[in-house]
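Me: Could you take a close look at one small part of this model for me, and then follow it outwards into the parts around it?

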Amino acid sequence: MTTSLLGTSFIGYSRSAGTEPCGNAVQPGTGSKLEPAYLTATPDEVDHAMALAAAAFPVYSNLSGKNRAVFLRAITTEIETVVDDIVERGMLETALPEPRLRGETARTTGQLRMFANLIEEGSWVDARIDRADPDRKPIPKVDLRSMLRPLGPVAVFCASNFPMAYSVAGGDSASALAAGCPVIVIAHASHPGVAEIVANAVIRAAKLTHMPEGVFSVLYGGGRKVGQAVVKHPVTQAVGFTGSRAGGTALMDSAASRKQPIPVYAEMSSVNPVVILAGALERGEEALAEAFFGSLTLGVGQFCTNPGLVFLANGNGEKFLTKLKTLIEAGTPGMMLNAAICQSFADSTAAFAATPGVETLARSTAEAGPGQGAPAVFIVSISDFLKNEALQSEMFGPATLIVRGSLEEIEAAIPHLEGQLTASLHATDAELAANSSLIHALQTRAGRLIFNGFPTGVEVCNSIVHGGPFPATSDGRSTSVGTMAIFRFCRAVAWQSFPDAALPAELQEANPLGIKRIMG
Ligand code: NAP
């Protein structure tokens with residue numbers, strides 16, 4: 001490995017001198033500790049990182065979109081020089097296979113480039129112009145112009161299940177930096193070494209492109225200690241988070257109880273319901289079961305979009321269930337991201353299996369080794385499902401619950417579901433047309449509707465929505481994937497009666513940036 005790991009936080013352009021250990025990375029399965037031991041950022045260092053971010057904000061937020069795009073592109077170049085280090089360390093820390101880590105790194109640099117293109121072009125600021133009309137009766141009209149401006153320093157929590165794409169230089173950081181916000185990252189204990197390699201790359205890029213110190217810091221010491229301190233710090237203006245419902249809601253509480261409450265964009269828990277209608281089964285039950293099994297077990301089920309809940313109408317799908325049972329029983333256990341996630345998967349599947357009315361349809365016949373999760377499928381009637389809210393909870397791993405009832409009962413149950421990232425419908429075109437109220441019900445519960453497909457595999461693009469009503473996310477008006485993610489870290493500001501030269505370039509009369517604007 002070319003990067004040497006020091007185990008210390010990045011406080012702007014300097015490294016932490018903290019001495020309190022917060023632990024080593026641990027290799028999943030073996031439990032072996034990986035060097036170095038990581039050290040917690042001290043309270044003074046957290047304060048210093050925040051002060052640097054506060055000082056960087058006016059400078060960084062006033063750079064042109066083109067300048068910030070240069071920084072984002074430099075990050076991609078620097079990450080690309082250390083891909084092999086990321087993969088080597090990432091495999092040790094997360095047990096994710098090499099192709100996944102290479103793919104995730106490419107997704108990370110792709111996201112950064114996507115935001116670079118967006119801010120370079122510039123129209124994303126949603127500029128609106130209403131010119132003055134001094135002759136308007138009965139009162140003259142003032143000149144009003146508005147656009148989006150960055151909120152200020154943003155705290156970003158790394159995700160355990162995306163060591164690259166939703167961690168140090170992942171989607172939350174990329175969208176906040178693109179918006180013009182300095183970023184303070186809280187590293188995840190599951191992959192501190194990958195965090196350090198990527199942090200080094202971002203800091204190199206910041207220096208090379210002459211960004212103000214404090215535009216980026218990465219802190220070790222965990223979410224409960226250092227992360228909470230950052231969220232409660234008066235300099236912080238927003239939070240990006242991916243993880244558990246308990247962690248996300250704790251951060252929402254902390255943010256709401258500050259003297260100045262701030263928004264938290266937490267992606268937490270989703271079981272991604274899949275509704276299968278008779279016509280879809282007629283096209284081939286076994287093929288559908290195979291495709292479903294592929295989605296369920298992808299990445300050992302450790303995706304926020306894992307299909308953890310299936311609605312199947314009574315009297316339909318016997319071959320689908322038989323095939324799924326065969327696939328699950330033959331399914332191989334896979335290494336999970338860390339011991340806590342593995343334990344939580346074992347606990348949640350045991351709780352489902354022990355719930356009255358729930359039958360274990362199939363489990364992998366292979367015994368799971370240390371750190372591994374094995375596929376499982378449970379089945380329950382819709383009446384028992386509706387009696388027990390716990391059956392809506394996420395089994396984070398390769399397990400799903402099949403709910404059986406009449407089509408009318410399924411439609412009536414949808415409004416009782418918690419908020420979801422996705423909802424999938426398998427049906428024919430005729431069934432789609434005949435079930436508009438079912439589609440409408442699904443739309444009220446989810447951020448992305450999928451027709452004849454499965455929820456895993458999230459396209460990163462302009463129109464993607466990776467969000468949904470609580471608890472899928474803390475704010476269902478937002479997305480954490482795609483270019484719309486930038487709007488989380490901005491607010492609209494209007495300029496009234498300002499002289500043209502004093503306006504931001506985006507709002508000046510001559511439109512020097514040539515961006516799209518709404519003219520009143
Ligand atoms: P987590 O326990 O929520 O931890 C994620 C981050 O949040 C860590 O940095 C953690 O710091 C911090 N955190 C947790 N509780 C906190 C609190 N009360 N105050 C401040 N910070 C807090 O999530 P995880 O480690 O990634 O995985 C645990 C479970 O979360 C999984 O088993 C799964 O059920 C769920 N999960 C869901 C998704 C999804 O996308 N739906 C993704 C990942 C995980 P500490 O190290 O200090 O705890």
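Reply: **The hairpin and where it leads**

Asparagine 24 stands opposite alanine 37, a residue of strand 4. The model is predicted, so to speak with its own limits: local features need pLDDT of at least 70 and side-chain atom pairs 80 or more, while totals for chains, interfaces and linings use all residues. Residues count from 1 along each chain as its sequence is written, and side-chain values use heavy atoms, leaving out hydrogens and water.

Let's widen the view a little. Strand 3 (residues 21–26) runs antiparallel to strand 4 (residues 33–39), with 5 bridges between them. (Strands are DSSP E runs of at least two residues and helices are H or I runs of at least four, numbered from the N terminus; two strands pair if DSSP finds at least two bridges.) The two form a hairpin with 6 residues between them. In that turn, glycine 29 has a positive phi of about 90 degrees.

The assignment divides the chain into domain 1 (18–268 + 476–507) and domain 2 (274–451), with bounds from an automatic or database source. Over C-alpha atoms, the centres of domain 1 and domain 2 are 33 Å apart. Their contact (heavy atoms within 4.5 Å) takes 15 residues from domain 1 and 14 residues from domain 2. Between them the two domains bury about 1000 Å², 54% of it on carbon and sulfur atoms; that is accessible area (1.4 Å probe) lost on being put together, summed over both parts. And here our turn comes back: in domain 1, Gly29 is listed with Asn161 and Glu267 as the residues that lose the most area to domain 2, together 35% of what that side buries.

How many salt bridges cross the interface of domain 1 and domain 2? The rule finds 1 there, where a Lys or Arg side-chain nitrogen must lie within 4 Å of an Asp or Glu carboxyl oxygen. Glutamate 418 forms a salt bridge with arginine 245, and their closest N and O atoms are 2.6 Å apart. For the model, the count by this rule comes to 21 salt bridges. Another one joins glutamate 104 to arginine 100, with 2.8 Å between the closest N and O atoms. Those two are separated by about one helical turn because they sit 4 residues apart in helix 4 (residues 98–121).

On to the sheets. An open sheet of 7 strands has the order 15-17-18-13-12-19-20, with mixed pairing. Its edge strands, strand 15 (359–363) and strand 20 (446–451), each pair on one side only. Strand 17 (residues 376–381) runs parallel to strand 18 (residues 399–405), and 6 bridges join them. One such partnership matches serine 381 with arginine 404 in strand 18. Helix 11 (residues 318–330) packs on this sheet, where it touches strand 12 (273–276), strand 13 (309–313), strand 15, strand 17 and strand 18. Helix 12 (residues 339–353) also packs on the sheet, touching strand 15, strand 17 and strand 18.

A further open sheet, of 4 strands, follows the order 21-6-5-22, and its pairing is mixed too. Strand 21 (490–496) and strand 22 (518–519) are its edges, each pairing on one side only. Strand 6 (residues 144–150) is joined to strand 21 by 7 antiparallel bridges, and methionine 147 stands opposite valine 493 in strand 21.

Terms used: Axes are lines fitted to C-alpha atoms, for helices over the stretch in contact, and angles run from 0 to 180 degrees between N-to-C directions.
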